[in-house]
Amino acid sequence: MITKAAIHSRYGDAHDVVAIKEVQLAPFNSGTVLVKMIYSPINPADINMCEGKYYVQPKLPCQLGNEGVGIVEDVSGNNQTVHKGDHVIIPFKSKDHWIGSWSQRVVVDAEDCVVIPKEIDLKQASMLTINPPTAYLLLTQFKSFKKGDWVVQNAANSSVGRWVIYWAKQQGLKIANIVRNKDQINQLNQLGSDLTIEFEPRCANKVKEVTGGVSLALNGVGGQIAIETLRTLRSNGVMVTYGAMSKEPVQVGNAALIYKTVSVTGFNRTKWLETTDRKAVKLMYNKILNIYKSKSISIPIAKVFPFSKIKDAINFSNSESRQGKVLIDWRKSN
């Protein structure tokens, strides 16, 4: 079967290297399912893959798309886990087992799918593969907490940042947010932020005055704001870097290492998937989905583009004025 998909055959600026092409679907063998893709978001990882700068770089030409949601159109063989009509996401991807979600249809192993409750809006479901588990794991893998403990983060208005606020509230934690745009302060406070301050030199002092210092700091930006985020840590605290939105390095002062004995580490969901038992991964996703279903959160969507306008979608996703995610609708060509 032939379908249309977003392909890049060389590395470079995403707008220049991505094109919609006809491709042959993988064989519809026993144990596989045919998924009609509905929505796919544009993530920084997708842009980085086009540039040849991401952790996962499948062999070129590559069908893009780190996440998305689809509806199962057909199943092959005696499948006990995924059924026709199910809404699914496809989180199990690696360099050697790549399944690009920027496509009208994909054929995947049933075991690679996670079934999404149908009451979850499809646009929101398309964004559940990466950011919710990333935020959840950032809060559960690096430190143990008691109710009322503080966590600090930058990149608070990003999708991951919003999920961090959400999961922190679910765990009874307090969350401090350092933002680069003061216009985001009221919005984040409405989401449940306990302290939101605008980034400026020495702004870590304001955080420490309120929190007394935190044990976990989450960095998704790098550069100067990462330095201030690190300074909020108390002794033996941990800063976890999961993103590099500023494309500037993380700098750590000698005093933080020697006198406060802080730890600085990193996290990538895809790498975590590669080293974690598949059953444990699916249990985590099901736990997240059950919590989400009972207490839903809505991630802002800036605009939805038909797949034929993918270059326009990429340009818009890179706009500094954009507020919210950019989605691709794989059912619409114009």
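This passage describes the domains, one buried helix, the salt bridges and some unusual backbone angles of a predicted model.

The protein is divided into two domains, of which domain 1 is made of two stretches of the chain, 2-129 and 300-329, while domain 2 covers 142-266. The centres of domain 1 and domain 2, taken over C-alpha atoms, are separated by 31 Å. Contact between them involves 5 residues of domain 1 and 5 residues of domain 2. The size of an interface is often given as the accessible area lost when the parts come together. For domain 1 and domain 2 this buried area is about 370 Å², with 45% of it on carbon and sulfur atoms. On the side of domain 1, Pro300, Gln323 and Lys325 supply 63% of the area buried against domain 2, more than any other three residues. Between domain 1 and domain 2 the count of salt bridges is 0. Residue pairs in polar contact across this interface also number 0, where both residues must be at pLDDT 80 or more. By class, the side of domain 1 that touches domain 2 has 2 nonpolar, 1 polar and 2 charged residues.

Asn131 lies in helix H4, which spans residues 131-140. The relative accessibility of Asn131 is 9%, and Asn131 therefore counts as buried. When neighbours within four places in sequence are left aside, the residues in contact with Asn131 are Asn43, Ser159, Val160, Trp163 and Lys325. Lys325 is also one of the three residues named above for their share of the area that domain 1 buries against domain 2.

Helix H2 (44-51) contains several buried residues. These are Ala45, Asp46, Ile47, Met49 and Cys50. The elements that cover them include strands E1 (2-8), E2 (18-24), E3 (32-41) and E4, together with helices H1 (14-17) and H12 (310-317). After H2 comes Gly52, whose phi is positive, near 75°.

The chain continues from H2 through a loop to strand E4 (62-63), and Pro61 lies in this loop. The peptide bond that joins Leu60 and Pro61 is cis, with omega at about -5°. Most residues other than glycine have a negative phi, and most peptide bonds are trans. Two residues other than glycine with a positive phi are described next. Arg202 has a phi near 70° and is found in the loop between strand E11 (195-198) and helix H7 (204-211). For Thr261 the positive phi is about 45°. Thr261 is placed in the loop between helix H9 (254-258) and strand E14 (263-266). With a relative accessible area of 38%, Thr261 is partly exposed.

A search of the whole structure finds 8 salt bridges, and three of them are described here, beginning with Glu73 and Arg105. In this pair the closest N and O atoms are 2.7 Å apart. Glu73 lies in strand E5 (residues 69-75) and Arg105 in strand E7 (residues 105-109), so the salt bridge ties together parts that are 32 residues apart in sequence. Glu73 is partly exposed, because its relative accessible area is 27%. Arg105 also counts as partly exposed, at 23% relative accessibility.

Another salt bridge is formed by the side chains of Asp112 and Arg278, with an N to O distance of 2.8 Å. This pair links distant parts of the chain, 166 residues apart: Asp112 is in the loop between E7 and strand E8 (114-116), and Arg278 is in helix H11 (residues 278-294). Asp112 has a relative accessibility of 2% and so counts as buried, whereas Arg278 is partly exposed, with a relative accessible area of 32%.

The side chains of Lys146 and Asp149 also meet in a salt bridge, at 3.4 Å from N to O. Lys146 is exposed, with a relative accessible area of 59%. The value for Asp149 is 16%, which is under the 20% limit, and Asp149 is therefore buried.

Terms used:
Residues are numbered from 1 along each chain as its sequence is written. Side-chain values use heavy atoms; hydrogens and water are left out. Helices (H or I, at least four residues) and strands (E, at least two) are DSSP runs, numbered from the N terminus. Buried means under 20% relative accessible area, exposed over 50%, partly exposed in between (1.4 Å probe, protein chains only). Domain bounds come from an automatic or database domain assignment. Contact means heavy atoms within 4.5 Å. Buried area is the accessible area (1.4 Å probe) that two parts lose on being put together, summed over both. A salt bridge is a side-chain nitrogen of Lys or Arg within 4 Å of a carboxyl oxygen of Asp or Glu. A polar contact is a pair of N or O atoms within 3.5 Å; within protein, one must be able to donate a hydrogen and the other to accept it, and residues adjacent in sequence count only if both atoms are side-chain atoms. Ala, Val, Leu, Ile, Met, Phe, Trp, Tyr, Cys and Pro count as nonpolar, Asp, Glu, Lys and Arg as charged, and the others, Gly among them, as polar.
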